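Visitor: Could you walk me through this structure? I would like to begin with how the chains touch and then turn to details within single chains.

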There are 4 protein chains.
Amino acid sequence: MIYFQCDYAEGADAHILSRLVETNMEQSEGYGLDKHSIRAKELIKKRIGRKDADVHFLVGGTETNRIAISAALRPYQGVLSPDTGHIAAHETGAIESTGHKVLALPNTDGKISAPQVREYVMEHYESPTAEHTVQPGMVYISFPTESGTLYSKEELKALRDVTKEHGLYLYIDGARLGYALASLKCDVTIEEIADLSDMFYIGGTKCGALFGEALVILNDNLKKDFRYMIKQNGALLAKGRMLGIQFETLFEDDRYFKITESAVEKALRIRSAFEKKGIELWGTSYTNQQFPILTDEQIRKLEKDFVFEVWGKAGEKTIVRFCTSWATEEENLKVLLTAIENL
Amino acid sequence: MIYFQCDYAEGADAHILSRLVETNMEQSEGYGLDKHSIRAKELIKKRIGRKDADVHFLVGGTETNRIAISAALRPYQGVLSPDTGHIAAHETGAIESTGHKVLALPNTDGKISAPQVREYVMEHYESPTAEHTVQPGMVYISFPTESGTLYSKEELKALRDVTKEHGLYLYIDGARLGYALASLKCDVTIEEIADLSDMFYIGGTKCGALFGEALVILNDNLKKDFRYMIKQNGALLAKGRMLGIQFETLFEDDRYFKITESAVEKALRIRSAFEKKGIELWGTSYTNQQFPILTDEQIRKLEKDFVFEVWGKAGEKTIVRFCTSWATEEENLKVLLTAIENL
Amino acid sequence: MIYFQCDYAEGADAHILSRLVETNMEQSEGYGLDKHSIRAKELIKKRIGRKDADVHFLVGGTETNRIAISAALRPYQGVLSPDTGHIAAHETGAIESTGHKVLALPNTDGKISAPQVREYVMEHYESPTAEHTVQPGMVYISFPTESGTLYSKEELKALRDVTKEHGLYLYIDGARLGYALASLKCDVTIEEIADLSDMFYIGGTKCGALFGEALVILNDNLKKDFRYMIKQNGALLAKGRMLGIQFETLFEDDRYFKITESAVEKALRIRSAFEKKGIELWGTSYTNQQFPILTDEQIRKLEKDFVFEVWGKAGEKTIVRFCTSWATEEENLKVLLTAIENL
Amino acid sequence: MIYFQCDYAEGADAHILSRLVETNMEQSEGYGLDKHSIRAKELIKKRIGRKDADVHFLVGGTETNRIAISAALRPYQGVLSPDTGHIAAHETGAIESTGHKVLALPNTDGKISAPQVREYVMEHYESPTAEHTVQPGMVYISFPTESGTLYSKEELKALRDVTKEHGLYLYIDGARLGYALASLKCDVTIEEIADLSDMFYIGGTKCGALFGEALVILNDNLKKDFRYMIKQNGALLAKGRMLGIQFETLFEDDRYFKITESAVEKALRIRSAFEKKGIELWGTSYTNQQFPILTDEQIRKLEKDFVFEVWGKAGEKTIVRFCTSWATEEENLKVLLTAIENL
């Protein structure tokens with residue numbers, strides 16, 4: 001069987017493994033105060049063009065969202081999110097477990113818009129009983145979204161404007177950030193992501209690392225005492241250098257971007273193959289996730305040789321997901337492309 | 001400089017690294033449902049002689065304590081702990097952040113006793129206003145303790161009895177469990193640890209793994225839906241196999257115990273060297289942490305070549321800590337022993 | 001100005017005030033252990049035909065919901081509620097602040113149905129990644145609903161069945177319970193409410209008391225240690241007898257039901273007046289809240305002499321709310337009826 | 001039996017009851033926006049000489065502490081308190097249930113001192129692993145303390161200085177504030193309490209009200225959005241005027257202070273009676289609580305006619321508590337004084 005099920009089915013990019021092996025007997029400070037972590041932070045700050053940023057390395061995405069969001073909100077505040085947002089749909093109420101309500105807005109292609117946010121916030125403050133409802137304190141979006149789609153620079157700017165205008169934070173979940181930035185349809189750079197948000201994270205787990213996410217804090221108000229938050233949440237890794245070494249490796253020579261670029265290129269070849277075959281795709285993903293809408297028969301044929309994920313229903317047909325990653329081998333890809341051609 | 005500062009200064013036991021490299025391109029289920037995690041769980045269950053146990057792999061100790069304790073307690077319950085216990089002293093209020101008070105009892109050599117627990121619980125229930133105070137719901141101990149000391153089998157049995165008698169859970173923090181079990185002064189086996197507790201964890205991070213703790217749940221009441229707890233706390237690793245592979249490696253051929261045995265043997269040579277020199281040691285640690293009480297001059301001499309941790313004051317003198325681990329090299333140890341001899 | 005804005009604009013039923021005055025210099029135990037509280041509990045248990053019930057007096061509705069729901073749920077569980085439910089819409093995230101997500105289902109006339117609940121629960125458990133989402137642990141409904149509507153006995157039985165079948169608790173918010181039971185359209189008794197739920201509360205604040213809600217726990221699993229929950233939430237009134245005296249007064253001679261019956265009768269006269277005038281009403285409320293849909297001109301006319309609440313929009317027109325209560329005077333009601341006639 | 005057990009055994013000062021009766025049929029805004037609440041706030045602000053203060057009326061002391069403290073602290077912060085402080089000892093972990101650790105310091109006569117606070121805070125920040133421990137964010141004291149004792153102006157100023165110096169809030173629990181201010185040994189005024197703290201509350205429940213505490217916020221940083229906090233905690237009373245009317249009554253003509261002055265005067269006569277008899281008193285209370293240390297025989301004699309509380313052990317003897325209040329009748333007091341004389 002060949003797996004296209006997700007982008008975390010294998011271990012890590014070979015450079016990362018080598019580096020872990022090379023550095024294994026080095027002795028270093030614990031809890032992320034080692035030289036690899038320090039250097040990795042410098043590399044990231046340089047790459048995003050923001051020397052003033054604070055960078056923290058965390059293990060996983062849900063953990064990162066939990067800590068980042070609960071650190072930013074006042075107890076009575078909630079976070080606006082598309083209803084398909086990871087925090088709204090797939091984190092077992094992690095945000096609520098910290099006391100904060102996720103205020104879900106209906107998504108369009110996985111996204112929410114500045115006017116939606118504005119309307120929600122204004123309705124809240126115009127209500128004579130505003131204090132009987134959760135105060136919106138932050139906007140959460142994923143980039144790319146859980147559906148593989150992208151916000152345009154204009155859309156991001158509009159969200160930035162509306163959040164600034166109303167005193168909300170803008171936080172970007174970049175679990176698959178590399179795949180967004182590698183997409184030809186993406187019109188923002190990582191520098192712009194940094195300028196347009198108060199916090200965002202650069203996903204490692206799904207982009208070639210064994211594990212790890214780099215949370216980048218841009219807004220000064222959010223920086224203070226952040227390591228206390230990490231420790232309290234049980235997320236301060238004793239051997240923090242494991243994270244430092246990985247991100248150091250990913251941000252030397254822009255390896256992070258090369259890894260994701262290659263994966264996106266492969267994903268788009270899958271997309272083309274389906275399109276050529278006249279098979280419709282759900283949504284408009286130009287990143288590493290592709291969502292063809294298949295008949296039962298097509299599924300039966302493909303699942304003989306390939307593992308992929310069932311995503312949902314579309315009338316009689318089924319939406320499925322094919323993912324590529326740093327680990328997708330050219331050879332396996334070709335087998336898939338041929339299989340699609342022969343559907 | 002030679003580090004004896006802690007037991008997490010290096011990477012991981014070489015077998016673990018090799019195994020990660022070997023398995024890197026395997027494709028597997030995410031979230032700990034892979035074959036390595038499954039096999040590692042089987043190995044552990046077999047080793048502790050409890051097929052009925054549930055085993056969950058988590059990343060770090062504070063995370064494990066947070067999740068285990070908050071899963072077990074009712075909202076108005078607290079956890080009894082020695083005042084030196086990790087949850088009481090070094091987790092930034094992680095337990096309190098889940099809503100539960102740590103009820104600290106004065107320690108003796110890092111330990112609390114069954115009579116202390118009994119007295120606390122009885123006073124609570126005898127009070128006419130019991131409901132105005134936190135109800136004790138669990139006893140937390142570390143084995144070995146944060147001071148490197150051990151509970152005897154008799155002491156553990158007494159704690160088991162008193163907790164059963166009063167309906168409390170007994171939970172054992174085994175961050176350094178391997179070093180306890182490897183000590184010649186230890187009169188319990190891991191099978192007995194399992195039989196005498198409701199939950200305990202087998203520490204990986206400080207015993208040779210890159211990271212990882214294996215939480216073992218023995219009490220049926222605590223097993224239900226535990227993976228929801230893990231996910232909600234942001235601790236369900238996408239590439240869960242990283243944990244599975246490590247514990248598989250550690251529990252093949254009893255590698256875990258060999259690693260810690262070697263470290264303890266080295267620590268006791270350090271202990272002997274200090275004793276021979278007539279230098280008193282704080283507490284009675286026969287595990288991998290040794291706490292000599294040094295004069296300022298002795299410290300000055302040793303800190304030229306060695307890194308070690310300041311632990312506290314003892315009159316005019318200072319308690320410091322020397323740690324050994326899987327990574328302590330014989331050569332470095334010898335340099336230290338000579339230096340002690342020449343103090 | 002004459003107020004029909006809400007059912008908590010005045011103080012309390014005269015009998016309650018007299019009783020507070022009469023008993024003022026009595027000396028009694030604190031924290032609800034006084035004889036009035038004890039007697040009030042007995043009266044309620046007798047009235048609902050359940051000697052096995054536990055009754056606790058609390059100050060307000062949000063407080064009661066917070067405590068009841070957080071006492072019942074496991075940390076990773078959420079509570080299903082109509083999206084118009086008080087806990088979903090008007091409690092500033094009180095439930096989330098205890099760590100639990102409100103799982104909002106689309107309402108019909110303020111209600112949710114057993115099939116909706118079944119579908120949600122089954123989808124949850126059929127998902128291969130159930131543990132990545134919040135587990136439904138309870139169904140919350142209001143009776144009457146926030147829209148003044150009623151569940152039929154059949155609908156309640158169906159909800160009882162589906163919750164039992166799937167191991168969920170059924171909790172009924174009875175902030176205005178008296179007005180439901182007093183409605184001619186209501187086909188359940190308070191005894192049946194008790195038999196069909198795991199917990200419910202009998203609202204005092206909106207039904208003639210100065211303040212106070214009587215939480216009734218039927219399910220044995222929910223009874224243990226409940227006073228700890230109350231105290232921890234800051235809701236154990238020192239002078240608990242204030243609550244006991246009020247509920248004692250309300251449940252002597254069925255005063256509670258007489259109070260609400262009179263209010264409902266007045267509300268239905270308002271309803272009839274609007275209907276006679278050909279003015280449509282929103283929803284199907286046969287309790288103490290009436291929601292006529294008015295033109296701007298009609299509103300302008302009525303707001304000269306009356307205070308009422310704006311509820312929402314209905315196309316060009318506006319839904320407003322008129323409430324009656326124990327305090328609605330016949331004289332004032334007649335002025336309103338005449339005004340409606342002359343619209 | 002004559003009760004001297006506590007200061008909340010009866011209802012309320014007669015003026016309060018009358019006022020509730022007089023205003024009963026007034027129609028008013030809900031949720032504390034009524035004219036009585038507004039006027040009561042003005043009276044309090046005037047009385048404490050701080051027009052800039054925010055005043056909020058809450059139902060009980062634990063509720064007030066919970067909300068005030070959790071509103072002020074960052075998630076990883078704790079609150080320093082004497083180990084005898086109400087939040088440390090008698091609130092069922094209410095503070096911990098909001099996620100914050102109570103950092104208990106050893107008390108002297110119910111009090112903590114500025115040097116104790118300074119030492120704790122400096123040790124915290126000097127630690128290289130500060131972030132592994134809870135950050136102190138606030139100092140909580142009670143005035144008078146739970147032992148009836150008073151801080152001198154000098155002591156309060158020192159606490160004010162040390163908290164300002166280190167960026168901590170100073171919060172004063174005034175559950176029995178009136179009894180402190182009425183004591184001849186008290187050298188601070190309520191105006192000074194306001195100037196020396198960031199927040200404090202004026203206790204009503206134990207000082208003549210049916211229930212109710214007035215939280216006064218002085219520090220601007222703590223004022224924003226406070227009503228959201230109240231609502232989320234289920235503490236926004238629908239008929240908020242109940243609180244407004246009571247505090248209006250208490251702060252007209254300084255009634256609050258007259259009530260407590262009379263009680264303290266009576267308590268000191270009890271104190272004198274014991275002293276004259278040669279019976280030692282525990283601590284140095286010059287407020288409404290007196291703690292004689294009695295033999296078993298003395299207790300047996302007194303408990304025939306009087307109810308009082310057992311407070312603790314003092315060697316072979318027992319510390320008990322006699323409380324006076326607004327409701328203590330001269331006649332009953334005389335019976336007690338005679339009984340003491342005849343011990």
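Guide: The conversation below takes up contacts between chains, then helix packing, then some backbone details.

Visitor: Before we start, what sort of model is this?

Guide: This is a predicted model.

Visitor: How many residues take part where chain B meets chain A?

Guide: The contact takes 48 residues from chain B and 48 residues from chain A.

Visitor: And what area is buried there?

Guide: About 4,100 Å² is buried between chain B and chain A, and carbon and sulfur atoms give 55% of that area. On the side of chain B, the residues that lose the most area to chain A are B:Q27, B:Q232 and B:K239. Together they account for 18% of what that side buries.

Visitor: How many salt bridges and polar contacts are there between those two chains?

Guide: The rule finds zero salt bridges across the interface of chain B and chain A. The count of residue pairs in polar contact between chain B and chain A is 26, with both residues at pLDDT 80 or more.

Visitor: Which elements of chain B supply that surface?

Guide: At least two residues each come from β1 (2–3), α1 (14–22), α3 (61–72), α5 (94–97), α10 (226–232) and α11 (241–251) of chain B. By class, the side of chain B that touches chain A has 22 nonpolar, 16 polar and ten charged residues.

Visitor: Now chain D and chain B. How many residues are in contact there?

Guide: In that pair, 16 residues of chain D are in contact with 16 residues of chain B. Chain D and chain B bury about 1,200 Å² between them, with 51% of it on carbon and sulfur atoms. In chain D, the residues that lose the most area to chain B are D:T92, D:E96 and D:K101, together 42% of what that side buries.

Visitor: How many salt bridges are there in this one?

Guide: The count between chain D and chain B is two salt bridges. B:K101 forms a salt bridge with D:E96, and their closest N and O atoms are 3.8 Å apart. The interface of chain D and chain B also has eight residue pairs in polar contact, both residues being at pLDDT 80 or more.

Visitor: Which helices of chain D are involved?

Guide: Helices α4 (86–89) and α5 (94–97) of chain D each supply at least two residues of the side that touches chain B. That side of chain D divides into four nonpolar, eight polar and four charged residues.

Visitor: Let us change topic. How many salt bridges are there over all chains?

Guide: A search of the whole structure finds 100 salt bridges over all chains. One of the salt bridges lies within chain A, where A:K45 pairs with A:E42 and the closest N and O atoms are 3.6 Å apart.

Visitor: Why are A:K45 and A:E42 about one helical turn apart?

Guide: They are separated by about one helical turn because they are three residues apart in helix α2 (residues 35–47) of chain A.

Visitor: What angle does α2(A) make with α11(A)?

Guide: Helix α2(A) and helix α11 (residues 241–251) of chain A pack at an angle of about 35°, with their axes 7 Å apart. Their crossing is left-handed. Among the residues that meet are A:L43 and A:I44 in α2(A), and A:I245 and A:F247 in α11(A). The contact has six nonpolar, three polar and four charged residues.

Visitor: And in chain D, how do α2(D) and α11(D) cross?

Guide: In chain D, the axes of helix α2 (residues 35–47) and helix α11 (residues 241–251) come within 7 Å and cross at roughly 40°. Helix α2(D) passes α11(D) in a left-handed crossing. The residues of this contact divide into six nonpolar, three polar and four charged.

Visitor: Which backbone details should I look at?

Guide: Most residues other than glycine have a negative phi, and most peptide bonds are trans. A:Y31 has a positive phi of about 60° although it is not a glycine. A:Y31 sits in the loop between α1 (14–22) and α2 of chain A.

Visitor: Where do cis peptide bonds appear?

Guide: One cis peptide bond joins A:F143 and A:P144, with omega about 0°. A:P144 is in the loop between β5 (135–142) and α7 (153–165) of chain A. Another cis peptide bond joins D:F143 and D:P144, where omega is about -5°. D:P144 lies in the loop between β5 (135–142) and α7 (153–166) of chain D.

Note on methods: Residues numbered from 1 in each chain as written. Chains lettered and ligands numbered in written order. Predicted model: local features only at pLDDT ≥ 70, side-chain atom pairs only at ≥ 80, totals over all residues. Heavy atoms only, no water. Axes fitted to C-alpha atoms, helices over the stretch in contact; angles between N-to-C directions. Helix = DSSP H or I, 4+ residues; strand = E, 2+ residues; numbered from the N terminus. Left-handed = near helix turned anticlockwise from the far one by under 90°. Nonpolar A, V, L, I, M, F, W, Y, C, P; charged D, E, K, R; others polar. Contact = heavy atoms within 4.5 Å. Buried area = accessible area lost by both parts, 1.4 Å probe. Salt bridge = Lys/Arg side-chain N within 4 Å of Asp/Glu carboxyl O. Polar contact = N/O pair within 3.5 Å; in protein donor to acceptor, adjacent residues only side chain to side chain.
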